[in-house]
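Hi everyone, thanks for making time for this. Please pull up the sequence and the structure, and we'll walk through a few parts together.

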Amino acid sequence: MSRTVTLVLLDAAGGPLGALPPFGVPEPWWQEVHSIVDTVRRRYGLEVAVLRLLDADRPAPPGGHVRYLAQVVDAPAGPLEPAVNALGVPLEPATVDLAPHPLRQPWADAGGPARSVAWATGELRRLGRRVTAVAQQRTWNLSAIWRLDTTQGPTWLKQLPPFSRHEPTVLAFPGDQGVGVDVDLPDDTNSLINGPVVLAADGEGRMLLADVPGEDRYGAGERERAAVAAEHHSVQLRACGVVDELVAAGVPDLRGARLAAWIREGLAGHDVSAAVGRLGYDLSAASALLDGLDRRLRQVGDCGLPDTLVHGDLHPGNVRGDDRRRTVIDWADSFAGHPAFDILRLTEDVDADAAARLVDAWARRWRTDVPGSDPRRAVDLLRPVAPLRLAAVYAMFLAAIEPGEHPYHVHDVPAALARAAAF
């Protein structure tokens, strides 16, 4: 699957110029923009920064024909030449609403990417690193990412929306908390977790990250997932002693009864009934789950496992490395809560037998470290709560982003509710 892209261009002052003719890119995922930027550079000799999604010919990703708004970089205000480049391809007329929106992210407005790259370049200069190339990688409502090549190797600029701005706090949280737990973390880490190193952060959503060698581990099999689970257990065990400090530093607090209140608040902010009815899902079973949520979470608490730092989206694609060493990336969904949420996410897309073995190993580790606890019962109680929590997460995304970005998530709420109702 691939995408067809139409790029509507703005000049340096944010004024409309017109649209490039449609062209194809290989990646179907709408938020991936590096091949869009590369194609425009090769085909038309223009440097552009993609700002945001405008619309698409299908209700949700991936694939299809997608329109984006982009700004020409380092071009004067006003019309371009009658032809975009020597190939003589003219811009086509395009209608686009350029009115401001209160929920628009800073990187999605004209000038936003340039300001972020300028901040990153300045921080790297302060660190003694000269930037030799900048490549935009991704842009959507959940993040904007650029690769900045420097004289000391690649670094990464990531910019986050307000609801994810605790990620640099988690990544940089000190590891020597004196909690008396012996864990197996890499020798060169001074952080609580084994995550990307934060080189700089501005407190407003921008952060510079050191490069993490290797590849994203999409498609990891049972053996590699078992290694990820064992390594992550060490981090979670270590974090048990500093949960209050993490929450005080800004990590969302979803411990115990707070989780039930947070889920209800999230779903109340989205028209769940209308979405479920429109897409043919039955809300009644999920409603029953909501009604019994407080009692269920009390039962989870009776299982005796401590609250800790939860990654929130621990699938292999958020693990980067090779067969010898792995780094868990993308902690933007992290929270303080029950450790079972991460093993449930890690085993979502493997066959039932492999998932059972991974959960059994996870439960043995917790029974050893917390004698008298019942980790297996906690997992079973939280199985329907995990997708219910995700439904609330997606609903909160929808409430916090501009309507033009809703296609990324609008189907996620009823899909997650359907999964919860299936248990």
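I'll go through two sheets, two helix pairs and a couple of single residues. Keep in mind that what you're looking at is a predicted model.

Let's start with sheets. As a quick reminder, strands of a sheet pair through backbone hydrogen bonds, either parallel or antiparallel. Here we have an open sheet of 5 strands, and its order is S6-S7-S8-S10-S9, with antiparallel pairing. Which strands stand at the edges? Those are S6, residues 131–140, and S9, residues 198–201. Each has a single partner strand, so one side of each is left without a neighbour in the sheet. From one strand to the next, the twist averages 20 degrees.

Now zoom in on one pair in there. S8, which covers residues 153–159, pairs with S10, residues 206–210, in the antiparallel sense over 5 bridges. If you want a spot to click on, try Thr-155, which stands opposite Ala-210 in S10. And what lies across this sheet? That's helix H2, residues 112–126: it lies across S6, S7, S8, S9 and S10, and runs at about 50 degrees to S10.

There's another open sheet, this one of 3 strands, in the order S11-S13-S14, again with antiparallel pairing. At its edges you'll find S11, residues 215–216, and S14, residues 326–328, each pairing on one side only. S13 and S14 run antiparallel and are joined by 3 bridges. One pairing to look up is Gly-321, whose bridge partner in S14 is Arg-326.

While we're in that part of the chain, look at His-315. You'll find His-315 in the loop between strand S12, residues 308–310, and strand S13, residues 319–321. So is His-315 buried or exposed? Its relative accessibility is 15%, and the cut-off for buried is under 20%, so His-315 counts as buried. Skipping neighbours within four places in sequence, His-315 is in contact with Tyr-218, Arg-345 and Leu-346.

On to helices. Two packed helices are described by the angle between their axes and the distance between the axes. Take H9, residues 293–302, and H12, residues 375–382: they pack at an angle of about 165 degrees, with axes 9 Å apart. That makes H9 roughly antiparallel to H12, and their crossing is left-handed. On the H9 side, Arg-296, Leu-297, Gln-299 and Val-300 meet Arg-377, Asp-380, Leu-381 and Leu-382 of H12. By type, the residues of that contact divide into 4 nonpolar, 1 polar and 3 charged.

Next up are H13, residues 385–400, and H14, residues 412–421. Their packing angle is about 170 degrees, and their axes are 8 Å apart. That makes H13 roughly antiparallel to H14, and the crossing is left-handed. Among the residues making the contact are Leu-388, Ala-391 and Ala-395 of H13, along with Leu-417 of H14. What's the mix of types here? The contact of H13 with H14 has 11 nonpolar, no polar and 2 charged residues.

Last stop: Leu-267, which sits in helix H6, residues 257–268. At 9% relative accessibility, Leu-267 counts as buried. Leaving out neighbours within four places in sequence, Leu-267 is in contact with Val-272, Leu-290, Leu-388, Ala-391, Ala-392, Ala-395 and Leu-417. Also, Leu-267 and Arg-389 are 122 residues apart along the chain, yet their C-alpha atoms are separated by 9.5 Å.

Notes
Residues are numbered from 1 along each chain as its sequence is written. This is a predicted model: local features need pLDDT of at least 70, side-chain atom pairs count only at pLDDT 80 or more; totals for chains, interfaces and linings use all residues. Side-chain values use heavy atoms; hydrogens and water are left out. Helices (H or I, at least four residues) and strands (E, at least two) are DSSP runs, numbered from the N terminus. Buried means under 20% relative accessible area, exposed over 50%, partly exposed in between (1.4 Å probe, protein chains only). Contact means heavy atoms within 4.5 Å. Axes are lines fitted to C-alpha atoms, for helices over the stretch in contact, and angles run from 0 to 180 degrees between N-to-C directions. Angles under 35 degrees count as roughly parallel, over 145 as roughly antiparallel, 65 to 115 as roughly perpendicular and the rest as oblique. A crossing is left-handed if the near helix is turned anticlockwise from the far one by less than a right angle, and right-handed if clockwise. Ala, Val, Leu, Ile, Met, Phe, Trp, Tyr, Cys and Pro count as nonpolar, Asp, Glu, Lys and Arg as charged, and the others, Gly among them, as polar. Two strands pair if DSSP finds at least two bridges between them.
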